Amino acid sequence: MLQLALPIVRTVAELRARVAAWRAQGDRIGLVPTMGALHEGHLSLVHLAKTRVRRVVASVFVNPTQFGPNEDFDAYPRDEAKDAQSLASAECDLLYAPTVTEMYPIGFSTSVTVSGVSATMDGIARPGHFSGVATVVSKLLLQCAPDVAVFGEKDYQQLLVIRRLVRDLDIPVEIIGAPTARLDDGLARSSRNAYLSEAERIVAGRMNVIMTDAAVRLRAGEAQDVVEAEGLAALKIAGFDRIDYFEVRGAEDLARPAKAPMRIFAAAFAGKTRLIDNMAV
Ligand code: AMP
């Protein structure tokens, strides 16, 4: 197999030097933040960035501050060599893979908290999660200073949190949302799908079907609370083990009851694996 070489940097200073050299040539820069274990969804973000700017930096950093104490930080899949190979084939220009101490040196004391859009759904199910995300994304944006940064609609609430923080902190970057890449049965691609057993993988695929059905009912004018209750029941029947939420929300502010445009959000466990998805109505 042809091995494509992708430059890798691990420090803020090296990252800034690379970006400065590109800027001196007049190139615009895009950033795609990830936690690695890359799949087609991540690579679609790189492709989208590449349509907008000359140089694309992907970061791979499994951010400890966005995992809860009983979550999968230690088990989270890591394979840098494979990620570098995938990024090189996607014509990414640089991999930024900082260490935990580069990101959070001894004495690190600052955190970024976005209220409002962080306060519901995953903000309740995963206390502290969005503050961890907002802090690390603020750092990545300040370290790289890109013109554009691309985030997936797969993590739609996260996308809204990031749009809010960039506006509130006057960070000069354009945030681009990318559509969710899915597998054949509609399951959203996710690094965590690797945890699923064969039986859990079948259950997981039902989430998209149930959300699609709910979207059809909402478009037909069915009441939001009825659609939510039936969605919850359908997830249970499908075999999900624990359901965090199945909710209809406003697409722009996550308000409930939702005004148009609406979006459906779900989070549930197949076995020990927590899956999230969302869909426009
Ligand atoms: P993660 O590595 O899971 O933190 O994700 C890194 C970025 O990729 C985030 O902006 C995610 O929303 C995005 N992403 C993850 N899965 C998908 C997918 N299936 N389709 C599109 N974007 C995705």
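This section describes the ligand site, the sheets and several local backbone features of a predicted model.

The ligand is surrounded by 17 residues, and the closest of these are H42, G152, D155, A181 and R189. By residue class, the shell around the ligand comprises 7 nonpolar, 7 polar and 3 charged residues. Backbone atoms of the protein approach polar atoms of the ligand at several points. A polar backbone atom of M35 is placed 2.9 Å from an oxygen atom of the ligand. For G152, one of the closest residues, a backbone N or O atom is found 2.8 Å from a ligand oxygen atom. R189, also listed among the closest residues, has a backbone N or O atom at 2.8 Å from a nitrogen atom of the ligand. The ligand taken alone exposes 480 Å², of which 92% is buried by the protein. Strand 2 (29-34), helix 2 (40-52) and strand 5 (148-152) are the elements that each give two or more residues to the shell around the ligand. Among the contributors, helix 2 gives the most, with 3 residues.

Two of these elements, strand 2 and strand 5, also belong to an open sheet of 6 strands, whose order is 1-4-3-2-5-6 and whose pairing is parallel. At the edges of this sheet are strand 1 (8-9) and strand 6 (174-178), each of which pairs on one side only. Within the sheet, strand 2 is paired with strand 3 (residues 55-60) through 6 bridges, in the parallel sense. L31 has V57 of strand 3 as its bridge partner.

A further strand pairing involves strand 7 and strand 8 (residues 262-270), which run antiparallel and are joined by 8 bridges. One of the bridge pairs links R242 to F269 in strand 8. Strand 7 is mostly covered, with 7 of its 9 residues buried. R249 is located in strand 7, which spans residues 242-250. The relative accessibility of R249 is 10%, so this residue counts as buried, the cut-off for burial being under 20%. The side chain of R249 makes a polar contact of 3.0 Å with the side chain of T120. When neighbours within four places in sequence are left aside, the contacts of R249 are T120, M121, L254, A255, R256, A258, P261, M262, R263 and F265.

The loop between strand 7 and strand 8 contains P257 and P261, and a cis peptide bond precedes each of these residues. The bond from R256 to P257 is cis, with omega near 0 degrees. The bond from A260 to P261 is likewise cis, and its omega is near -5 degrees. Both R256 and P261 are among the residues in contact with R249.

Positive phi values occur at two residues that are not glycine. M121, a contact of R249, has a phi of about 45 degrees. M121 is situated in the loop between helix 4 (100-103) and helix 5 (122-125). With a relative accessible area of 4%, M121 is buried. The other residue is A145, where phi is near 50 degrees. A145 occupies the loop between helix 6 (129-144) and strand 5, the latter being one of the elements that contribute to the shell around the ligand. In contrast to the buried M121, A145 is partly exposed, at a relative accessible area of 42%.

E230 is part of helix 9 (residues 224-238). Its relative accessibility is 37%, and E230 therefore counts as partly exposed, since that class lies between the limits of 20% and 50%. Apart from residues up to four places away in sequence, E230 touches R217 and E222. The C-alpha atom of E230 is separated by 9.3 Å from that of F246, a residue 16 places away along the chain.

Definitions and conventions:
Residues numbered from 1 in each chain as written. Predicted model: local features only at pLDDT ≥ 70, side-chain atom pairs only at ≥ 80, totals over all residues. Heavy atoms only, no water. Near = heavy atom within 4 Å. Polar contact = N/O pair within 3.5 Å; in protein donor to acceptor, adjacent residues only side chain to side chain. Areas by Shrake-Rupley, 256 points an atom, 1.4 Å probe, with all protein chains shown as cover. Helix = DSSP H or I, 4+ residues; strand = E, 2+ residues; numbered from the N terminus. Nonpolar A, V, L, I, M, F, W, Y, C, P; charged D, E, K, R; others polar. Buried < 20%, exposed > 50% of the residue type's maximum accessible area, 1.4 Å probe, protein only. Contact = heavy atoms within 4.5 Å. Pairing = 2+ DSSP bridges.
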